[in-house]
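Student: I am new to this structure and would like to be guided through its fold. May we look at it together?

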Amino acid sequence: YDNSPIGQILIYERTEDDKWHTAFWISNKYQSAGYASEALSALTETLSFKFWAGAATWNEASNRVLISCGFKNIGKIENGYICRGKKIPIYEYEKV
């Protein structure tokens with residue numbers, strides 16, 4: 001082990017929509033090993049909040065993680081995120 005993080009998961013409260021927003025990433029070296037699903041499931045099962053998450057429409061892995069953790073797709077936002085200076089579409093999810 002090299003003591004570097006395998007990834008990160010975070011939550012933050014957004015009072016304007018009464019939901020907790022969550023985001024995650026996993027280092028390339030550790031992807032496809034179930035770590036994102038494990039961390040997100042643990043987080044959402046431990047805390048009884050309304051959660052919101054977004055994932056780029058092209059990011060199939062993150063979209064699969066969200067669905068497998070019980071998040072429901074509630075729509076698409078055409079200009080959801082800014083990545084490298086460009087607006088990209090996202091799918092938005094919620095878990096109650």
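Tutor: Two strands pair if DSSP finds at least two bridges between them. Strands (E, at least two residues) and helices (H or I, at least four) are DSSP runs, numbered from the N terminus. The model is predicted, so local features need pLDDT of at least 70 and side-chain atom pairs 80 or more, while totals for chains, interfaces and linings use all residues. Residues count from 1 along each chain as its sequence is written, and side-chain values use heavy atoms, without hydrogens and water.

Student: In what sense do strand 2 and strand 3 pair?

Tutor: Strand 2 covers residues 19-26 and strand 3 residues 51-56. W20 has F51 of strand 3 as its bridge partner. Over two bridges, the sense of the pairing is parallel.

Student: Which strands stand at the edges of the sheet?

Tutor: The sheet is open, with five strands in the order 1-2-3-5-4 and mixed pairing. Each edge strand has a single partner, so one side of each is left without a neighbour in the sheet. These are strand 1 (7-14) and strand 4 (72-83).

Student: Which residues have the most contacts inside the largest nonpolar core?

Tutor: A nonpolar core is a set of buried (under 20% relative accessible area, 1.4 Å probe, protein chains only) Ala, Val, Leu, Ile, Met, Phe, Trp, Tyr and Cys residues joined through side-chain atoms within 4.5 Å. Helix 1, strand 3 and helix 2 each give two or more residues to the largest core. Among its 13 residues, those with the most contacts are L40, V65, L66, C69 and F71.

Conventions
Buried < 20%, exposed > 50% of the residue type's maximum accessible area, 1.4 Å probe, protein only.
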